[in-house]
Amino acid sequence: MGENVTAIITEIKNISSGILNKDLTTVRGFSERQLEAIAKQTALIQKGVASGDIDEDLREFFLDGLEAMTRNFINTLKGILIVTIEKLWNAIISFLYKAVGVVV
């Protein structure tokens with residue numbers, strides 16, 4: 001591999017690592033907070049069902065809430081990941097264009 005190819009690969013890796021490390025930290029923090037909230041809600045429902053404070057109808061209501069929380073979590077996660085991939089694509093394409101001498 002030529003020296004230029006190695007330098008281009010190294011730069012693409014650096015660009016990728018910089019974006020992914022920053023955005024994955026954001027995703028990790030978001031995920032931990034959301035998962036904790038979902039787990040706490042689940043534990044509260046378990047406790048209410050076990051004690052009899054939550055009857056079958058109310059349990060269904062809370063289960064619908066858990067479904068909504070989980071769906072929102074997954075949809076937000078998908079959105080964050082799509083934005084991260086888009087940022088990565090833009091950064092790599094910008095670098096490649098500059099490497100070729102094209103002004104973006």
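**Figure 1. Aspartate 23, a buried residue with a relative accessible area of 7%.** In this predicted model, aspartate 23 counts as buried because its 7% relative accessible area falls under the 20% cut-off. You'll find aspartate 23 in helix 1. Leaving out residues up to four places away in sequence, aspartate 23 touches Thr84 and Lys87. Thr84 is itself one of the buried residues of helix 2.

**Figure 2. The buried residues of helix 2.** Which residues of helix 2 are buried? They are Leu66, Phe73, Leu77, Thr84, Leu88, Ile92 and Phe95. Here's a handy rule to keep in mind while you look at them: an α-helix has 3.6 residues a turn, so residues three or four places apart point the same way. And what covers the buried residues of helix 2? The cover includes helix 1, which runs over residues 3–51.

**Figure 3. Helix 2 from end to end, residues 56–100.** Try a quick check on this one. Helix 2 has 45 residues, and at 1.5 Å a residue it should span 66 Å. Its end C-alpha atoms are 66 Å apart, so the expected span and the model agree.

**Figure 4. Glutamine 46, an exposed residue of helix 1.** Is glutamine 46 buried or exposed? Glutamine 46 counts as exposed, because its relative accessibility is 54% and the cut-off is over 50%. Now look across to arginine 59: glutamine 46 and arginine 59 sit 13 residues apart in sequence, and their C-alpha atoms are 9.2 Å apart in space. Arginine 59 falls within the range of helix 2, residues 56–100, while glutamine 46 is found in helix 1.

**Figure 5. The whole protein, for context.** How many helices and strands are there? The protein has two helices and zero strands. Its C-alpha trace spans about 70 × 20 × 20 Å along the principal axes. A compact globule of 104 residues would have a radius of gyration near 13 Å, but this protein comes out at 22 Å. Just 17% of the 104 residues count as buried. Take the contacts between residues at least 6 apart in sequence: 79% of them join residues at least 24 apart. As for the outside, the accessible surface comes to about 7800 Å², and carbon and sulfur atoms account for 61% of that. Finally, there are 11 positive and 13 negative charges, and their mean positions are 9 Å apart.

Key. Residues numbered from 1 in each chain as written. Predicted model: local features only at pLDDT ≥ 70, side-chain atom pairs only at ≥ 80, totals over all residues. Heavy atoms only, no water. Helix = DSSP H or I, 4+ residues; strand = E, 2+ residues; numbered from the N terminus. Rg over C-alpha atoms; globule rule 2.2 N^0.38 Å. Buried < 20%, exposed > 50% of the residue type's maximum accessible area, 1.4 Å probe, protein only. Contact = heavy atoms within 4.5 Å. Areas by Shrake-Rupley, 256 points an atom, 1.4 Å probe, with all protein chains shown as cover. Lys, Arg positive; Asp, Glu negative; His and termini not counted. Charge placed at Lys NZ, Arg CZ, Asp CG, Glu CD. Expected span 1.5 Å × (residues − 1).
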